[in-house]
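Let's take a walk through this structure together, one region at a time. Keep the sequence and the model side by side as you read.

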Amino acid sequence: MTTLLPTAAGASVSGPAPSLSTRRRGLGRRLRETVTGYLFLTPSVLGVVLFMVVPVGVIVWLTVHQWDLIASPRYVGLEQVRQVLTDAAFLRSLRVTLALVALVVPAQILVGLFLANMLTKGVRGTTLFRTLIVIPWISSPLALGVVWSWIFAPTGGLLSAVAGTRLEILVSPTWALPAVAFVVLWNNVGYTSLFFIAGLLSVPRELIEAAYVDGASARQVFWRIKVPLLRPTFFFVSVTSVIAAFNIFDHVYALTGGGPAGATKVLAYEIYEEAFVSWDVGKASVMALVMMLILLAITVAQNLYFRTRTTYEYV
């Protein structure tokens, strides 16, 4: 069998068509490549299914079941969801969590950006300071919480000793949450700074030099060139910071135990107490599902906001 093949002059000549065996070999090669690709993806897919999809499915199933980790789960339907959504303790923990997020996330982004800007100027000692700001982030939050609980302790604490008077910070309903927010900020600001440092170092040097040649000041270069090009970093940092702030548990556990009078009982701590103190895994699952849906909504909103405001490349 022959087929017409185009020539350089636009005419057509007859040539042999690919044989059946050749086509079969091509299909077999593509099939092997496809199977090989899926085999390489299998470990990742299994990890996602086992450690993300299955746990979420179990949580959804438990939202309509009552379970104390000992007896068999008992179906109670959507009544359990209604009880949680109208529970005063749950609503209070949600308000405390939102307040903590409002205290931590903006400050973490601003302080992280400030430190990153200072640490990308090429001055002596920059490497040392970059290491120092990362140390709290790579340390155990629970261990750091214990250290800061001693610092804030009204009796024998470091702050009280320096001030020469008894400072009841962690036992004050007014100051306990800001104190927890400060410790969380101190713990996580190194993480934010690292990403801003990477973003600032990736800004094309020729753009900055051109701006200086045109008479721009250092402030104008920062706000009109560097910050707009950092929008992808802002998006990533804001999303991960909000998620991390919603999941804060270790700091609260070590510093205040949710007190005083529930002033620092965030949603993650409320879920812990509901599941492992009150032994009501069903209600804890409802709370966890609500937190996941809130985070999903916030992430979608952040994505929509940054979608039209993000610059990934320059011309």
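In which helix does Ala181 lie? Ala181 belongs to helix α7, which covers residues 176-201. Before going further, please bear in mind that this is a predicted model. With a relative accessible area of 8%, Ala181 is buried, because buried means under 20%. One of the residues to look at alongside it is Val101: the two are 80 residues apart along the chain, and their C-alpha atoms are separated by 8.4 Å.

Stay in helix α7 for a moment, since Leu185 is found there too. Leu185 counts as buried, at 17% relative accessibility. Its counterpart here is Ala245, which is 60 residues away in sequence, with 9.7 Å from C-alpha to C-alpha.

Now turn to helix α13, residues 281-307. How does its span agree with what its residues should give? At 1.5 Å a residue, its 27 residues should span 39 Å, and the end C-alpha atoms are 38 Å apart, so the two values agree. Buried residues in α13 include Val281, Gly282, Ala284, Ser285, Val286 and Met287. Further along α13, Leu289, Val290, Met291 and Leu295 are also among the buried residues, as are Gln302 and Phe306.

Next, let's visit the surface, beginning with helix α1, residues 20-62. Arg29 sits in this helix, and together with Arg25, Arg30 and Arg32 it forms a positive surface patch. Is Arg29 buried, exposed or partly exposed? Arg29 counts as partly exposed, because its relative accessibility is 46% and the partly exposed class runs between 20% and 50%.

Helix α1 also holds Phe51. Phe51 is exposed, with a relative accessible area of 67%, and it is part of a nonpolar patch on the surface. The other members of that patch are Tyr38, Leu41, Val45, Leu46, Val48, Val49, Leu50, Met52, Val53, Val54 and Val58. Together the patch residues have about 1,100 Å² of accessible area.

Let's look at charge pairs next. How many salt bridges are there? The count comes to four, and three of them are worth a visit here: Glu79 with Arg82, Arg166 with Glu168, and Arg205 with Glu209.

In the pair of Glu79 and Arg82, the side chains meet with 2.5 Å from N to O. Both residues lie in helix α2, residues 79-85, where they are three residues apart, about one turn of the helix. An α-helix has 3.6 residues a turn, so residues three or four places apart point the same way. Glu79 is partly exposed at 35% relative accessible area, and Arg82 is partly exposed as well, at 45%.

The pair of Arg205 and Glu209 is found in helix α8, residues 205-213, where four residues of separation amount to about one helical turn. The closest N and O atoms of this salt bridge are 3.7 Å apart. Arg205 is exposed, with a relative accessible area of 51%, whereas Glu209 counts as partly exposed at 44%.

Arg166 and Glu168 form another of the salt bridges, and their closest N and O atoms are 2.7 Å apart. Arg166 is partly exposed, with a relative accessible area of 48%, and Glu168 is partly exposed too, at 42%.

To finish, let's turn to the backbone. Most residues other than glycine have a negative phi, and most peptide bonds are trans. With that in mind, which peptide bond is cis, with omega near -10 degrees? The bond in question runs from Gly259 to Pro260. Pro260 is found in the loop between α11 (250-255) and α12 (267-276).

Beyond α12, in the loop between α12 and α13, lies Trp279. Trp279 has a positive phi of about 55 degrees although it is not a glycine, and it counts as partly exposed at 45% relative accessibility. Leu69 is another non-glycine residue with a positive phi, about 70 degrees in this case. Leu69 is placed in the loop between β3 (65-66) and β4 (74-75), and it is partly exposed, with a relative accessible area of 35%.

Key
Residues numbered from 1 in each chain as written. Heavy atoms only, no water. Patch = residues over 30% accessible without salt bridge, like charges linked within 9 Å, V, L, I, M, F, W, Y side chains within 5 Å. Areas by Shrake-Rupley, 256 points an atom, 1.4 Å probe, with all protein chains shown as cover. Lys, Arg positive; Asp, Glu negative; His and termini not counted. Charge placed at Lys NZ, Arg CZ, Asp CG, Glu CD. Helix = DSSP H or I, 4+ residues; strand = E, 2+ residues; numbered from the N terminus. Buried < 20%, exposed > 50% of the residue type's maximum accessible area, 1.4 Å probe, protein only. Expected span 1.5 Å × (residues − 1).
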